[in-house]
2 protein chains.
Amino acid sequence: MRQVDTLRRAPLTRDRVLRAAVDLADGTGIDALSMRNLAQTLGVVPMALYKHVANKEELLDGMLDVVVGEIDPPVAGTDWQAAVRERILSARRALLRHPWASRVLETRTAATPVVLQYMDSMIGMFRAGGFSVDLTHHVMHAMGSRILGFSQELFGTPPPSDAPIDPELGRQMAERYPYITEITTKVAHDDASVVGSGCDDQFEFEFSLDLILDGLERLRARGWTSRPD
Amino acid sequence: MRQVDTLRRAPLTRDRVLRAAVDLADGTGIDALSMRNLAQTLGVVPMALYKHVANKEELLDGMLDVVVGEIDPPVAGTDWQAAVRERILSARRALLRHPWASRVLETRTAATPVVLQYMDSMIGMFRAGGFSVDLTHHVMHAMGSRILGFSQELFGTPPPSDAPIDPELGRQMAERYPYITEITTKVAHDDASVVGSGCDDQFEFEFSLDLILDGLERLRARGWTSRPD
DNA sequence: GCGTGCTGGTGTACGCCGTACACCTTCCGA
DNA sequence: TCGGAAGGTGTACGGCGTACACCAGCACGC
């Protein structure tokens with residue numbers, strides 16, 4: 001009986017653990033990912049996981065490595081701006097496939113080798129595009145999390161609420177926050193098909209990505225060195 | 001005896017709870033802020049807190065309101081760019097006084113009235129500066145968390161490590177991540193006084209803030225309406 | 001053939017956490 | 001004087017991450 005059980009299931013490996021964790025987070029959300037929970041989906045006792053990952057932090061690191069591993073390599077043969085743009089949009093697609101990833105990423109305190117590798121190749125794209133070492137340095141800071149394909153939206157999608165819409169409350173909103181109201185009504189009017197936040201996230205992402213990339217190209221062309229004034 | 005105790009300590013109020021929570025987070029870090037812990041510093045039993053805040057999420061919301069309340073109001077009488085710049089730097093100063101705030105902010109799913117008020121006035125500054133409604137909308141997305149004075153640095157300050165520096169490991173780094181090494185050695189060389197990450201966070205913040213603001217001014221002056229092309 | 005030691009899964013237990021719920025004061029207004 | 005609200009208490013529950021001791025099975029040198 002024991003033997004059957006043992007034989008039936010494939011032996012745990014670090015890789016199996018990570019993949020199962022990614023799947024679990026994809027399916028039921030990152031909040032539902034606990035060591036106990038993950039162990040259960042693998043048909044194993046919680047402590048068994050610790051033979052393959054040191055602790056939960058390392059588990060999360062490994063999960064992010066899986067996600068970052070899905071990002072396409074750089075495309076060759078175009079100008080730096082198009083190449084960087086395309087790569088970042090690839091990163092974005094990877095992150096969108098795993099909605100928990102950006103939130104987890106924000107909690108990391110150190111980069112794994114996989115992430116360092118990605119960063120390094122990203123820096124290489126700027127250097128190859130004619131950016132000086134120190135401009136590239138500031139560029140990486142300016143790109144921030146966008147380099148990994150997400151911009152932390154303050155107050156992401158609110159949890160679905162079944163509260164009835166109170167017209168009185170809407171009036172108070174309009175009174176207290178006139179500018180917010182101005183924008184939200186305009187957006188709602190322009191895009192009647194909208195149900196969620198009313199914003200086209202992809203457009204917003206590309207808008208600000210291009211804003212930054214264009215700014216950087218101008219600095220590069222101008223031969224920016226230090227504080228220009 | 002009981003009476004003495006009761007009389008001695010000031011009665012709890014929502015305000016006292018929030019201030020104590022902010023102080024505690026400032027002093028010992030956000031991870032050390034638990035309901036039990038907070039209650040103890042207030043000389044009260046954990047459940048007492050729940051008479052003043054609904055739950056921990058609401059406590060965190062309230063703490064952020066305290067921080068946002070410290071941001072200076074807009075300065076009048078300058079061009080939009082200087083005004084926005086100054087206000088954002090004020091927000092940054094507030095956030096720097098409470099290092100936990102940006103991390104907590106990232107976990108919020110809805111804005112409180114205090115935050116909405118801040119956002120609204122910020123939007124107003126762009127509108128007053130001559131931005132159209134829909135450009136302003138995209139502007140707010142492009143600014144992202146920068147509007148509140150922080151840019152989420154991927155992999156913020158690493159926890160202090162007392163591990164001895166392994167020269168062999170450094171050589172491997174240089175081999176595996178040539179571009180990262182190029183930058184870090186240059187930064188370390190330029191700024192010999194540095195001990196931490198080697199980056200002047202304030203400079204990096206202003207660099208990318210100005211990059212964005214300059215880009216926005218150009219869009220505004222050009223009369224940007226929709227996808228330019 | 002047989003100890004021996006390693007790899008990986010198990011079971012129990014600890015100390016945290018947020019918070020539901022029932023209780024008991026205290027005090028104020030009718 | 002009394003009723004009830006407001007605010008502090010005590011106990012308890014279910015969850016979490018994980019330390020630690022244990023044990024099954026296998027590979028290998030003798």
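Let us start at one residue: Ser102(B) sits in helix α6 of chain B, which covers residues 101-107. Helices here are DSSP runs of H or I with at least four residues, strands are runs of E with at least two, and both are numbered from the N terminus. Ser102(B) has a relative accessible area of 19% and is therefore buried; buried means under 20%, exposed over 50%, and partly exposed in between, using a 1.4 Å probe and protein chains only. Leaving aside residues up to four places away in sequence, Ser102(B) touches Leu95(B) and Phe150(B), where a contact means heavy atoms within 4.5 Å.

A word on the background. This is a predicted model, in which local features need pLDDT of at least 70 and side-chain atom pairs count only at pLDDT 80 or more, while totals for chains, interfaces and linings use all residues. Residues are numbered from 1 along each chain as its sequence is written, chains are lettered from A and ligands numbered from 1 in the order in which they are written, and side-chain values use heavy atoms, with hydrogens and water left out.

**Chain A**

Chain A has eleven helices and zero strands. Of its 229 residues, 43% count as buried. Among the contacts in chain A with a separation of 6 or more, 72% come from residues 24 or more positions apart.

Helix α2 of chain A (residues 14-28) has 15 residues, and because each should add 1.5 Å, a span of 21 Å is expected, in agreement with its end C-alpha atoms being 21 Å apart. That expected span is 1.5 Å times one less than the number of residues. The buried residues of α2(A) include Val17(A), Leu18(A), Ala21(A) and Leu24(A). Their cover includes α3 (35-41) and α4 (56-68) of chain A. After α2(A) comes Gly29(A), with a positive phi near 95°.

**DNA strand D**

There are 16 residues around DNA strand D, and those that come nearest are Arg36(A), Tyr50(A), Met47(B), Lys51(B) and His52(B); a residue is near a strand if one of its heavy atoms lies within 4 Å of it. Of the strand D atoms within 4 Å of the protein, 44% belong to sugar or phosphate and the rest to bases.

The table gives distances to a phosphate oxygen of DNA strand D; a polar contact is a pair of N or O atoms within 3.5 Å.

| Residue | N or O atom in | Distance |
|---|---|---|
| Met35(A) | backbone | 3.0 Å |
| Tyr50(A) | side chain | 2.8 Å |
| Leu12(B) | backbone | 3.3 Å |

Key
A polar contact is a pair of N or O atoms within 3.5 Å; within protein, one must be able to donate a hydrogen and the other to accept it, and residues adjacent in sequence count only if both atoms are side-chain atoms.
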